[in-house]
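Trainee: Got a minute to go over some backbone oddities with me? I'd like to start with the loops.
Mentor: Sure, pull it up.

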Amino acid sequence: MINIRCETLPDYTVIAEVNTLAFGQENEAKLVDEIRGSDRYIPELSLVAEVENVIVGHILFSYIDLVGEETLQLLGLAPLAVHPQFQRQGIGNALIKAGLEIAEVKKEAIVIVLGHPHFYTRFGFQSSVVYEIESPFPVPEDVFMVKPLQSYQKRYKGKVVYPPAFHEV
Ligand SMILES: CC(C)(COP(=O)(O)OP(=O)(O)OC[C@H]1O[C@@H](n2cnc3c(N)ncnc32)[C@H](O)[C@@H]1OP(=O)(O)O)[C@@H](O)C(=O)NCCC(=O)NCCS
């Protein structure tokens, strides 16, 4: 049984441990801290997955900019981490689905992710070029992906700009 809920302050240490173990480095745990300390943090979109009351997964969505004719806000999905001993059991899947549902309720327009196409296309993510959305870094087209939500409109196009929290990690 997987329980998904919002993070609370006492969870921060375990969330950092799960990120460090999943990625094999501390950058993503630091990124989570930086985002929490910034104006881009969305408390209801920092979710933990628990198995038997122990946190084994975490996902964070935060605001990033889309700069085109106008500057709009999008959700960036990063990071997503599942404890190595609990991977491939549907926990990452459950965290993404829960986050996307909350994003829909909040009437967000788009979620951006940089990740494995094999994993993310099943949730409706597609290469950002399909939506005329450009990555800020030179990465292969298929790894920089966009998921339009119900509030998506065609005016959401341009270049993605990550806020300072992302530059420092
Ligand atoms: C990627 C990750 C979040 C997936 O979480 P999970 O709970 O293992 O995923 P689920 O059990 O819900 O889904 C399993 C699917 O994820 C895919 N997957 C898991 N890890 C993967 C990886 N490193 N590369 C590519 N695909 C991966 C599997 O192929 C599997 O798909 P399949 O069933 O078609 O084989 C997790 O493996 C993880 O924390 N990895 C290390 C950190 C990381 O890379 N995070 C960033 C993701 S962009």
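Trainee: Glu132, then. Buried, exposed or in between?
Mentor: Partly exposed, because 13 other C-beta atoms lie within 10 Å of Glu132, and the exposed class stops at 12 or fewer. Keep in mind that this is a predicted model.
Trainee: Where does Glu132 lie?
Mentor: In the loop between strand S6 (126-127) and strand S7 (133-134).
Trainee: And what about the phi of Glu132?
Mentor: Positive, about 55°. Glu132 is not a glycine, yet it has that sign.
Trainee: OK, switching to Asn53. Which strands flank its loop?
Mentor: Strand S2 (46-51) and strand S3 (54-67).
Trainee: What is phi there, at Asn53?
Mentor: About 65°, so again positive by the computed value, and Asn53 is not a glycine either.Trainee: Is Asn53 buried or exposed?
Mentor: Exposed, because just 6 other C-beta atoms lie within 10 Å of Asn53.
Trainee: How far is Asn53 from Ile2?
Mentor: In sequence, 51 residues. In space, 9.1 Å, C-alpha to C-alpha.
Trainee: New topic: peptide bonds. Is the one from Ala78 to Pro79 cis or trans?
Mentor: Cis, with omega near -10°.
Trainee: Which element holds Pro79?
Mentor: Strand S4, residues 71-82.

Conventions
Residues numbered from 1 in each chain as written. Predicted model: local features only at pLDDT ≥ 70, side-chain atom pairs only at ≥ 80, totals over all residues. Helix = DSSP H or I, 4+ residues; strand = E, 2+ residues; numbered from the N terminus. Buried ≥ 20, exposed ≤ 12 C-beta atoms within 10 Å, placed from the backbone.
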